[in-house]
Amino acid sequence: MHSGPGHSGAAVLAAFHAAILTQGLVIVMALAFLWLLRTAMRGGKPGLKGDNSNRHGVLAWVLPPGEPRGRRTLRISFGLLWLIDGLLQAQPQMPLGLPSQVIVPSAQGSPGWVRALVNWGAAGWVHHPAQEAAAAIWIQAGIGLWLLAVPGGRWSRLGGAASVAWGLGVWAFGESFGGILAPGLSWLDGAPGAVLLYAVAGVLLMLPVGAWRTRRPGQALMGLLGVFFLGMAALQAWPDNGFWQGGSGGAVASMASSMAQTPQPGFLASLLNGFSAFTAANAFAVNLAVVAVLIVVGGACLLGTFRGPSSLVRAVVIAGSVFCLAVWVLVQDLGVLGGLGTDPNSMIPLIALLASSYAALSPGASIEASMVSIAAW
């Protein structure tokens, strides 16, 4: 795909930087206007009666008393992830490189209607690369800051809704529905799409805070994760998908070797090439280990759903998170390298969901809430 009519690299980069500044100034002015309007409607008073942020300082604002730890873990984790994604969008290759090197290639192998949808979305970016790329920065960083700065109440739930809306849009147009309609779907490679996990988190953050004081959100999320892991195990074990095949052309070895070609520090490329060579020689054992871990983690999640938190479930969640980190390094190559990485891929948000689901199985007053109470006293 070409870069659009009349677009040169230097001109687009200059326009990109200008658009970032212009859009940022507009956002700051809009926020300032809303703050002044809010102050005027309050009659010039700095805060409302009962506003803990004025009495207890920043701690009460960021970590309010009574926010259940499951929700807090989810909110802060995905707030940070959205913020990181926004910063990644500021890379200079994004305006011209993202459509042709990331978005359109992601649709290869998908049905024709998916490719047509993705090409239609990419065409808008191609014709307005600077404005589209700058807007992506502010939207994603804005959602992240929104989730981090607003810990409770209606506005926090609206932040979850924004995460769902933008996440589903990116999942459809930017990730081709996570490749779920293309052959060779694999958990190792990021299925079902990282940003879909952001949307799942957003749905949960839309729940009333009071709902998080029960085990139900944790049970629902852990049950969903259990079904997900078992489904991914079935896909990984399916013979026709080629994950048991050895040699350099094997599916798992090819994933690692292809990521090693990404511009990155030499030691990381060597690590991926080494893992690719090991997998090529031991494909059956490697895939067996992956399938086994997915089954064990999925089973533990279902156990936690029905039996509640336990030392066994906690141990499996920790071990599964460590395994996700290994996959993040050895197969997904951290997800952010090469100048066109838009997010850390699926393993980090998956770990965040695992941690949040386990924390939500034991709802209770947070440690930070106790700290606020002590400070108030």
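## A buried glutamate before helix α4

E67 has a relative accessibility of 3% and therefore counts as buried, since the cut-off for that class is under 20% relative accessible area. This value, like the others in this report, is computed from a predicted model. E67 is located in the loop that lies between α3 (58-62) and α4. Its side chain makes a polar contact with the side chain of R75, at 2.9 Å. R75 is itself one of the buried residues of α4.

## Overall composition

The protein chain contains 16 helices and 0 strands. Of its 377 residues, 44% are buried. The accessible surface of the chain amounts to about 17,700 Å², and carbon and sulfur atoms account for 71% of this area.

Contacts that link distant parts of the sequence can also be described. Where the contacting residues of the chain are at least 6 apart in sequence, 77% of the contacts join residues at least 24 apart.

## Helix α4

Helix α4 covers residues 69-88, and its 20 residues should span 28 Å at 1.5 Å a residue; the C-alpha atoms at its ends are 28 Å apart, so the two values agree.

The buried residues of this helix include the glycines G70, G79 and G86. Also buried in α4 are R71, R72 and R75, together with D85. The list is completed by L74, F78, L81, W82 and L88.

## Helix α15

Helix α15 runs over residues 347-360. Its 14 residues should span 20 Å at 1.5 Å a residue, and the end C-alpha atoms are 20 Å apart, so expectation and model agree.

This helix is mostly covered, with 12 of its 14 residues buried. Among them are M347, P349, L350, I351, L353 and L354. S356, S357 and Y358 are buried as well, as are A352, A359 and A360. Which helices help to cover these buried residues? The cover includes α4, described above, and also α9 (194-205), α10 (216-237), α13 (283-307) and α14 (311-330).

## A nonpolar patch on the surface

A nonpolar patch of about 730 Å² lies on the surface and is formed by I27, L31, F33, L34, L37, M41 and W138. The element that gives the most to this patch is helix α1 (residues 9-41), with 6 residues.

One member of the patch, I27, has its place in helix α1. I27 counts as partly exposed because its relative accessibility is 33%.

Methods:
Residues numbered from 1 in each chain as written. Predicted model: local features only at pLDDT ≥ 70, side-chain atom pairs only at ≥ 80, totals over all residues. Heavy atoms only, no water. Patch = residues over 30% accessible without salt bridge, like charges linked within 9 Å, V, L, I, M, F, W, Y side chains within 5 Å. Areas by Shrake-Rupley, 256 points an atom, 1.4 Å probe, with all protein chains shown as cover. Salt bridge = Lys/Arg side-chain N within 4 Å of Asp/Glu carboxyl O. Helix = DSSP H or I, 4+ residues; strand = E, 2+ residues; numbered from the N terminus. Buried < 20%, exposed > 50% of the residue type's maximum accessible area, 1.4 Å probe, protein only. Expected span 1.5 Å × (residues − 1). Contact = heavy atoms within 4.5 Å. Polar contact = N/O pair within 3.5 Å; in protein donor to acceptor, adjacent residues only side chain to side chain.
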